[in-house]
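Welcome! Here is a short tour for anyone meeting this protein model for the first time. Take a look at the sequence and structure, then read on.

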Amino acid sequence: MPAPSHSLVVLDFGGQYAQLIARRVRDLGVYCEIKPYWTEPGQLAGYEGIIFTGGPGSVYASDAPLCSPEVFSLGVPVLGICYGAQAMAHLLGGKVAPTAAPEFGKTQTRFESSSLLFQDVPESVTWMSHNDAVSQLPEGFSAAASSGHCPIAAMEDPARKLYAVQFHPEVNHTQFGNAMLKNFLYQVCQCQGGWEMGSFAKAEVARLKEQIGDRKVLCGLSGGVDSSVAAMLVHKAIGKNLTCIFVDHGLLRKDEGDLVEQVFRKEFDMNIIRVNAADRFLGKLQGVTEPERKRKIIGEEFIRVFEAEAAKLGKIELLCQGTIYPDVVESGSGQAAVIKSHHNVGGLPEDMGFEGLVEPLRDLFKDEVRRVGLELGIPEALVWRQPFPGPGLAVRVLGEVTPERVATLQDADAIFREEVARSGLDREIGQYFAVLTGCKSVGVMGDGRSYGETLALRAVNTSDFMTADWSYLPYELLATVSNRIVNEVPGVTRVVYDITSKPPATIEWE
Ligand code: XMP
């Protein structure tokens with residue numbers, strides 16, 4: 001198939017951010033596709049530009065993903081990112097070696113102002129995540145940026161329109177990352193631009209109508225943004241042929257079950273069945289402490305409950321899920337390394353009995369899902385609800401999940417959410433919640449010794465949930481929350497605040 005002439009291609013070497021790069025490019029007005037690194041060079045010839053993603057390995061590993069060197073002779077501009085930069089150097093005769101110290105996280109970086117890539121980019125912070133870097137330039141290249149441990153933080157051969165950066169311009173933490181990508185697209189590749197995401201909802205509803213036909217669909221509503229938007233898209237496409245099952249697994253936030261039921265039944269007039277299955281889930285989780293095991297059990301129970309309900313409803317051919325792109329990539333469905341198996345991807349048993357899956361949000365990031373939700377007319381209060389993991393509070397109650405510990409966490413979490421909302425920060429924070437750590441500590445209450453659980457507060461700023469910064473919550477807010485929790489929630493004697501970004505931590509603790 002000939003390459004479209006007004007688009008860019010992301011060549012995926014197995015990094016975590018292929019879709020994120022593609023999405024940044026789309027946001028900058030250039031249509032963008034993703035292809036695997038082994039794509040024949042001939043299939044890349046017609047694109048306006050090529051971006052190599054990062055990847056988890058070393059270019060010297062025996063199974064290192066490498067593209068054909070012919071890619072560099074196509075006359076199509078190339079931007080290599082992280083591993084992609086190293087692959088470019090290696091394939092063109094340069095050398096790659098471990099840096100004096102690995103760089104993970106925010107790194108002060110200097111740029112050559114004469115570089116087209118760094119036009120109008122002052123010395124600033126980039127996001128690094130590497131052990132290796134280019135140590136010797138390939139012929140024809142010059143260094144275009146440097147950082148403390150990385151003298152070749154970028155390299156370029158403007159004559160051949162080949163550029164490479166050791167850092168990640170696609171993540172929010174790289175200060176002028178978008179400007180660099182824009183420079184690559186419009187200065188180096190001279191893209192025409194003008195592409196718009198358009199109305200994803202309209203196109204997707206039409207696609208769903210075609211995919212589903214007159215078959216019936218069952219959807220697991222979790223009450224989170226993703227499954228709500230997925231269900232709404234399918235509802236718009238097939239109306240009452242969609243039945244939503246809302247499984248109340250007893251691991252929801254305080255009072256959440258009633259709210260979800262009311263919104264979907266009353267406001268949207270959807271076919272919705274609420275199943276109160278708390279005992280069943282908590283029974284299965286008894287004695288289980290390992291996070292991936294919890295996910296697996298919950299994922300399987302979800303499906304079993306669906307199956308039981310579906311059996312009552314007669315034949316239902318398809319299952320709709322609110323899987324979004326970060327779930328897919330972090331569950332290792334692509335070429336990226338497995339970090340966590342998010343239950344809605346990783347935990348599906350093979351004998352579910354459905355003909356297939358309907359996953360309308362599979363290519364989207366959270367903020368894109370919200371945009372679609374608003375287009376569909378879903379009330380802002382729901383669209384802006386912070387994300388909530390499928391396995392619910394089970395992955396926030398570290399160690400064994402008992403009804404008592406869930407109730408403790410629900411009460412503490414409700415206080416945290418109430419106070420954040422009162423402070424007016426609820427929309428600014430990507431996600432915030434409480435975690436029951438399982439760590440016991442000594443306290444003093446009245447004149448006596450107390451010995452209870454340590455509760456952690458987590459709040460992160462992020463737009464894509466692939467990377468995140470911990471939120472600098474005001475001390476007054478933290479003080480109020482801490483005070484209220486130790487006074488109002490029995491069993492909690494200590495409150496701590498999590499100050500780790502992602503990476504290296506993940507957002508959830510399990
Ligand atoms: P992590 O902890 O991987 O979280 O940084 C990224 C985003 O994913 C959510 N999350 C989950 N969502 N099932 C889900 O549906 C899961 O098992 C799961 N684990 C994490 C998390 O809340 C955050 O928004």
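Strands, as named here, are DSSP runs marked E of at least two residues, and they are numbered from the N terminus. The model you are looking at is predicted. The protein holds 14 helices and 18 strands.

**Overall form**

- For 510 residues, a compact globule would have a radius of gyration near 24 Å, and the protein's value of 25 Å agrees with that.
- The C-alpha trace spans about 70 × 65 × 40 Å along the principal axes of the protein.
- Of the 510 residues in the protein, 57% are buried.
- Among contacts with a separation of 6 or more, 74% join residues that are 24 or more positions apart.

**Surface and charge**

- The protein has an accessible surface of about 20,900 Å², and carbon and sulfur atoms supply 50% of that surface.
- There are 48 positive and 64 negative charges, and the mean positions of these two groups are 4 Å apart.

**Nonpolar cores**

- A useful background point is that nonpolar side chains tend to be buried together in soluble globular proteins.
- The largest nonpolar core has 87 residues, and the members touching the most others are Leu233, Leu457 and Ile485.
- Helix H5, which covers residues 225-238, gives this core its largest share, with nine residues.
- Another core of 34 residues lies apart from it, and its members include Cys82, Phe111, Val121 and Cys150.
- Which residues does Ile485 contact, leaving aside its neighbours within four places in sequence? They are Ala412, Ile415, Leu455, Leu457, Val492 and Val495.

**A closer look at Phe111**

- Phe111, one of the residues in the 34-residue core, is found in strand E5.
- With a relative accessible area of 13%, Phe111 is buried, because buried means under 20%.
- Beyond its neighbours within four places in sequence, Phe111 is in contact with Phe118, Val121, Pro122, Glu123, Ser124, Thr126, Ala144, Ala145, Phe167 and Met180.
- One of those partners, Val121, is also named among the members of the 34-residue core.
- Phe111 and Gly94 are 17 residues apart in sequence, and their C-alpha atoms are 21 Å apart in space.

**Two more buried residues**

- Gln19 is part of helix H1, which runs over residues 18-27.
- Is Gln19 buried or exposed? Its relative accessibility is 8%, so Gln19 counts as buried.
- Not counting residues up to four places away in sequence, Gln19 touches Arg26, Ile34, Tyr325, Asp363 and Phe365.
- Ala456 sits in strand E16, which covers residues 448-461.
- The relative accessibility of Ala456 is 0%, and therefore this residue counts as buried.
- Setting aside residues up to four places away in sequence, Ala456 touches Phe433, Ala434, Val435, Thr437, Val496 and Trp509.
- Ala456 and Gln386 are 70 residues apart along the chain, and 18 Å separates their C-alpha atoms.

**Backbone details to look for**

- As background, most residues other than glycine have a negative phi, and most peptide bonds are trans.
- Lys502 and Pro503 are joined by a cis peptide bond, with omega at about -15°.
- Where is Pro503 placed? Its place is in the segment after strand E18 (492-497).
- A cis peptide bond also leads from Pro503 to Pro504, where omega is near 10°.
- Pro504 likewise lies in the segment after E18.
- Asp120 is not a glycine, yet its phi is positive, at about 65°.
- You can find Asp120 in the loop between strand E5 (95-111) and strand E6 (124-136).
- Asp120 counts as exposed because its relative accessibility is 73%, and exposed means over 50%.
- Asp269 is not a glycine either, and its phi is positive, at about 50°.
- The loop between helix H6 (256-267) and strand E12 (271-276) is where Asp269 is found.
- With 48% relative accessibility, Asp269 counts as partly exposed.

Note on methods
Residues numbered from 1 in each chain as written. Predicted model: local features only at pLDDT ≥ 70, side-chain atom pairs only at ≥ 80, totals over all residues. Heavy atoms only, no water. Helix = DSSP H or I, 4+ residues; strand = E, 2+ residues; numbered from the N terminus. Rg over C-alpha atoms; globule rule 2.2 N^0.38 Å. Buried < 20%, exposed > 50% of the residue type's maximum accessible area, 1.4 Å probe, protein only. Contact = heavy atoms within 4.5 Å. Areas by Shrake-Rupley, 256 points an atom, 1.4 Å probe, with all protein chains shown as cover. Lys, Arg positive; Asp, Glu negative; His and termini not counted. Charge placed at Lys NZ, Arg CZ, Asp CG, Glu CD. Core = buried A, V, L, I, M, F, W, Y, C linked by side-chain atoms within 4.5 Å.
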